[in-house]
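User: I'd like to learn how to read the features of a model like this one. Could you take me through it step by step?

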Amino acid sequence: MSVSYILLIDFCGTVVFAISGAIAAMERKLDVFGIIVLAFVTAIGGGTIRDVLIGNTPVTWLRDPTSPILILLATFAAIVFRRTFNNLSRTLLIFDSLGLGLFTVTGIQKGLAINIHPALCIALGTITGCFGGVIRDLLLREIPVLFRKEFYASACIVGGVVYLSMAPFFSVAVAQTATILVVCILRLLAVKYNWRLPSVP
Amino acid sequence: MSVSYILLIDFCGTVVFAISGAIAAMERKLDVFGIIVLAFVTAIGGGTIRDVLIGNTPVTWLRDPTSPILILLATFAAIVFRRTFNNLSRTLLIFDSLGLGLFTVTGIQKGLAINIHPALCIALGTITGCFGGVIRDLLLREIPVLFRKEFYASACIVGGVVYLSMAPFFSVAVAQTATILVVCILRLLAVKYNWRLPSVP
Amino acid sequence: MSVSYILLIDFCGTVVFAISGAIAAMERKLDVFGIIVLAFVTAIGGGTIRDVLIGNTPVTWLRDPTSPILILLATFAAIVFRRTFNNLSRTLLIFDSLGLGLFTVTGIQKGLAINIHPALCIALGTITGCFGGVIRDLLLREIPVLFRKEFYASACIVGGVVYLSMAPFFSVAVAQTATILVVCILRLLAVKYNWRLPSVP
């Protein structure tokens, strides 16, 4: 049951990140193919880097066509329903934040499953959550989201600490759900209230 | 015989992409070392990402020095004969298109060899064909060729469909040769006639 | 004993590259988290790419938390003592050059250990030495250090030749120490006297 819940989280993350990539591409007026490429890169970039780092190859999306199919469907939906989002950049933010929380959890889980040190699993979760967006930004030649926005990777790290703190006391599914909510809400609050980390004077 | 034909295709792709990387570097007035680095990156970038994604490590060029030697020779030839190309950017286009077709085929072939789903092999062929050029563009801080030029990755995808459609009816070598020609010719025609994919209004 | 000397070299390289990444981030006025991210990327980028290319996965830093801990401590030290460096860019240069020499040696050594062709081990050492800095520059959207500065990767290649020439006649530790000094001194002299490789007319 826990396995199927983590799979569900992974598929949800794939769908919301694909939509966020497609929206970013439509904002930049890319052609249809560019929209599909950006949706793919954003949705599978973080998980692919994670799989490569831990040696889980062929990487997940090459072994199972579910994710690529979901990405194509999500991209298609994003194109069709683009007019219903009355504010593209706000919609992008919400999907991006949700994906961040979902993928942070799958990254931590994959690390724990192969006995990587818990503190390093937080790093792995952060990479899984953030690097789809970083590759998307590199390809669009924008400042990577990591440096541009306050509380992006930091939200993943806080979420990771929440996960590891809850794991001994609650069921896996409860700890995972709480972590997703913490990452997503922290990120949304940070953008709404313009929270910033201090820079060094 | 089929194995040696695919090896030949791989070596030809390496040589033409090395030349395309060297020409791009000479257009940008990089020094000798920069020319060699760009030739290497363009020639082995796509295949390296493919090998890493499917877990074929150490990656091919680390196990067999043939490709690095070919790249050095091709770079040397590109520098010596640079004056015979009376139009650098047209020469670059031809070599780049040829490499795209050659590497798309090697990527599909490597995927099929380890029983990856045929549709995903097309993605793998596209990555093998395109990502040498994408890394080259990222290092030169240009807009990645993927987004800049109409019918780049799209040509690889059409080529992949041709390959899989022909495979049941023709010998492997025939299907491979046809695919190389389709990708290369599609790309050249697209540039000549300025074909574009539609963007979303 | 040789194993522990190479480990010592690896840890020293990690520390000096972490400091160089942290200094680059402070020069760009990034926030505290951005400083930590850049220190990590610069310190583990080259070794991570090397590990992925040779299939040494999970990559080193995921199996042993020593490097991540050292990076955090080095970043903390760089922030605290930033005022004692009266010239940030000169300090950055010295740490960067030292890291280049140290990581070139660890890259060559890891390649030789799995019987990769010696000439390709030089390429592996060069990648290990250079790519932490290249990723750092890509994330900061600067011209990659590879193309910007004369005698960067070239110094690694000369160092690699020195290593392989000395290996049959001297102990491993002596060859390694000489290589580190050659790479670091070549790089510092090249910057001081503005050595450049010729470009193609």
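Analyst: Happy to. Let's begin with helix length: the expected span of a helix is 1.5 Å times one less than its number of residues. Keep in mind throughout that this is a predicted model.

User: How many residues does helix α6 of chain B have, and what span should they cover?

Analyst: Helix α6 of chain B covers residues 118-139, which is 22 residues, so at 1.5 Å a residue the span should be 32 Å. Its end C-alpha atoms are 32 Å apart, in agreement with that value. You can try the reading again on chain C, where helix α5 (residues 88-113) has 26 residues. From first C-alpha to last, α5(C) reaches 37 Å, close to the 38 Å expected.

User: Where does α6(B) bend?

Analyst: A bend is read as the angle between axes fitted to the seven residues ending at a position and the seven starting there. In α6(B) the bend is about 40 degrees, at Cys130(B).

User: And how many residues of α6(B) are buried?

Analyst: The cut-off to use is 20 or more other C-beta atoms within 10 Å for a buried residue, and 12 or fewer for an exposed one. In α6(B), 19 of the 22 residues are buried, so this helix is largely enclosed by the rest of the structure.

User: Which residue falls between buried and exposed?

Analyst: Val191(A) is a good case: it has 18 other C-beta atoms within 10 Å and is therefore partly exposed. Val191(A) sits in helix α9 of chain A, residues 172-192. You can also set sequence distance beside spatial distance here: Val191(A) and Lys29(A) are 162 residues apart along the chain, and their C-alpha atoms are separated by 25 Å.

User: What should I look for in the backbone angles just after a helix?

Analyst: Look for a positive phi in a residue other than glycine. Asn115(A) is one, with phi near 65 degrees. Asn115(A) belongs to the loop between α5 (88-113) and α6 of chain A. With 10 C-beta neighbours inside 10 Å, Asn115(A) counts as exposed. In chain C, Asn115(C) comes just after α5(C) and has a positive phi of about 65 degrees. Back in chain B, Arg141(B) follows α6(B) with a positive phi of about 60 degrees.

User: Is Lys29(B) buried or exposed?

Analyst: Lys29(B) is exposed, because it has 11 C-beta neighbours inside 10 Å. Lys29(B) is not a glycine, yet its phi is positive, at about 60 degrees. You will find Lys29(B) in the loop between α1 (2-27) and α2 of chain B.

User: Where should I look for a cis peptide bond?

Analyst: Check omega. The bond that joins Thr57(A) and Pro58(A) is cis, with omega about -10 degrees. Pro58(A) lies in the loop between α2 and α3 (60-63) of chain A. In chain B, the bond from Thr57(B) to Pro58(B) is cis, with omega near -10 degrees.

User: How do I read the relation between the chains?

Analyst: Superpose one on another and read the turn and the shift along the axis. Chain A can be laid on chain C by a turn of 120 degrees with a shift of 0.0 Å along the axis, giving an RMSD of 0.0 Å. That is the relation of a three-fold axis. The copies use different surfaces, as 10% of the contact residues of chain A recur in chain C.

User: How many residues does the contact take from chain A and from chain B?

Analyst: That contact takes 21 residues from chain A and 20 residues from chain B. On the side of chain A that touches chain B, the largest share comes from α2(A), with six residues. By class, this side has 15 nonpolar, two polar and four charged residues.

User: And the contact of chain A with chain C?

Analyst: There, 21 residues come from chain A and 21 residues from chain C. On the side of chain A that touches chain C, α6(A) gives the most, with four residues. The residues of that side divide into 16 nonpolar, four polar and one charged.

User: Which residues have the most contacts inside the largest nonpolar core?

Analyst: The largest nonpolar core has 186 residues, and those with the most contacts inside it include Ala22(C) and Ala39(C). Not counting residues up to four places away in sequence, Ala22(C) touches residues including Ile35(C), Leu38(C), Ala39(C) and Thr75(C).

Terms used
Residues numbered from 1 in each chain as written. Chains lettered and ligands numbered in written order. Predicted model: local features only at pLDDT ≥ 70, side-chain atom pairs only at ≥ 80, totals over all residues. Helix = DSSP H or I, 4+ residues; strand = E, 2+ residues; numbered from the N terminus. Least-squares fit on C-alpha atoms with pLDDT ≥ 70 in both. Contact = placed C-beta atoms within 7 Å. Nonpolar A, V, L, I, M, F, W, Y, C, P; charged D, E, K, R; others polar. Core = buried A, V, L, I, M, F, W, Y, C linked by C-beta atoms within 7 Å.
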